[in-house]
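Student: I would like to go through the aromatic contacts here. Please give the criteria as we go.

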Amino acid sequence: IFCIFLLFAMKTKTATITSLLLVALIFVSIWQFMFSSEDLMPDNPGLRLAKQEEVPMPAVSPHLVGMSVAPFPSATSFAESPNHSFADVARRSFTSSLSNRRPSPSAIPVGNTGSREEASTAAPSLGCPDECSLNGDCLQQQCACDPGWSGSSCASLLFGPAPSPSEVGYRPAFAEASWGSWGGAPAVDFDGRRSHLFVTVFLNSTVRTWFRGSRIVHAVSSSGSLGPYTFRSTVLWPTGSLADFDGTTVREPTLVFLPTSKRYLLFYTGLNCLRNEDDQCPLHSSIGVLHAESLDGPWMRHGAVLEPSGSRWEIRAVGNPAVVVEPDESILLVYRGDDTEYNGFGVAKAKHWTGPYVRQGGGASIFGRRTRLRQQDPFMWKNSRGYHLLLCATNIARRLTGGLAYSRNGVEWKLVSARPAFSHEVQFTTLQRFAYKQRARPQLLLSPNGSFPTHLVTAVEELKAHRTFTLVTPIDRSAPLGSHPP
């Protein structure tokens, strides 16, 4: 209609053609923006304050690493609300949003009497956005999210308020207090008495010069999984040897447990700046593993288990290990490969944790070549529906924000494009809302049966002081409003 109006309004033929071309270009641009499937997520979702009833936690038996029994600290929860982009609004301008209504009780499958705290497989996720990210059931074409998840595709974590920043997580409280830490792997004792973090601590460096030196330390808390955590011991120092892949830097610990062998594995990334100049050192890394029979050690160094393949996207560096232990104790490993131009995630499998690790999918990056759209810091877990990746991804503003991906077989993955899983902002019980300059290295503490998350561990950098530390935030395990049946 607009084009026809212009056709009659213009006085000259040249002006008419020019105007029509401009209008067509505008309409094509708007159409492409509205309906493109770009895997970029809007940054910094707002936080909504929702008054909810406190959900009593059931009695929990002793549990394995990566699981928590800490009760939810408050009945008042701050949940990351959806930020609707222009494309979302355009798509839904003539239809009401189903994600903001609770399903009717009649939509609940007959015979589904299981607890909401157990991931249900009663209803497939087909017909719902992104298959509900395998984090919920599809009921009448809308997602009923598992505890801890929210949004139309169950892709956003639902947070509770955290204590003040000085009371949670881990800040080195010993000699190197000014150096800072950068994320950690969480765990809980079998008896639930102590919580653990295996943390990257900088050595004579900062987040800007991280590659020049770091070590992995063990920190503990007797106050629950929120912390605060205090230093217990150093788990791994760089070897200092030119011959070793981890001669100067060890970082990015990821912890798993072998239930049959009764052994803990700590995967990590190692670098050796003795072999390369400063500007080239970050581009040369490998993945190694430690093992121990107790969280308190002693930890034994096995050595490197995965080195760069030489392919275009992982020609010189592999790191960011994310690990799932299968029932037969075989290992599924997702890792990041990196070069100056390309980066991506790869998948490798091993029948035994010592290797050899065989790359899957022909050694290709699982999300394709995103080149300068950075993806990093994956954390992987598995529930009854499939496999999940929590990660950091570059958004439109070129800032790292929380992303989510899922897979039914651990090899073929889909990156959810709906909303960020977490943002740079954190709400505290003091009603303060902090916006950090960086929030990276996400790892989850899971429930005893591994079905849903209870805490998020991230590395954060303050906006002005540039101090870095490891932050633990609670996840609201009650059902989010409008996304789970009563």
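**Aromatic contacts**

Tutor: Phe428, Phe434, Tyr436 and Phe469 are joined into a cluster by ring pairs. This is a predicted model, where local features need pLDDT of at least 70, side-chain atom pairs count only at pLDDT 80 or more, and totals for chains, interfaces and linings use all residues. Residues are numbered from 1 along each chain as its sequence is written, and side-chain values use heavy atoms, with hydrogens and water left out.

Student: How many aromatic pairs does a search of the whole structure find?

Tutor: The search finds 12. Rings of Phe, Tyr and Trp (its six-membered ring) pair if their centres lie within 6.5 Å; planes under 30 degrees apart are stacked, over 60 edge-to-face, the rest tilted. Trp182 and Phe202 are one such pair, with centres 6.5 Å apart and 35° between the planes, and it is tilted.

Student: What makes this pair tie together separate parts?

Tutor: Trp182 is in strand E7 (residues 181–188) and Phe202 in strand E8 (residues 195–202), so the pair joins parts 20 residues apart in sequence. Strands (E, at least two residues) are DSSP runs, numbered from the N terminus.

Student: Why is the pair of Phe198 and Trp299 called edge-to-face?

Tutor: The centres are 5.6 Å apart and the planes lie at 75°, so the pair is edge-to-face. Phe198 is in strand E8 and Trp299 in the loop between strand E13 (285–292) and strand E14 (300–306), 101 residues apart.

Student: Why does Phe198 count as buried or exposed?

Tutor: Buried means under 20% relative accessible area, exposed over 50%, partly exposed in between (1.4 Å probe, protein chains only). Phe198 has 0% relative accessibility, so Phe198 counts as buried. Trp299 has 14%, so Trp299 is buried too.

Note on methods:
Helix = DSSP H or I, 4+ residues; strand = E, 2+ residues; numbered from the N terminus.
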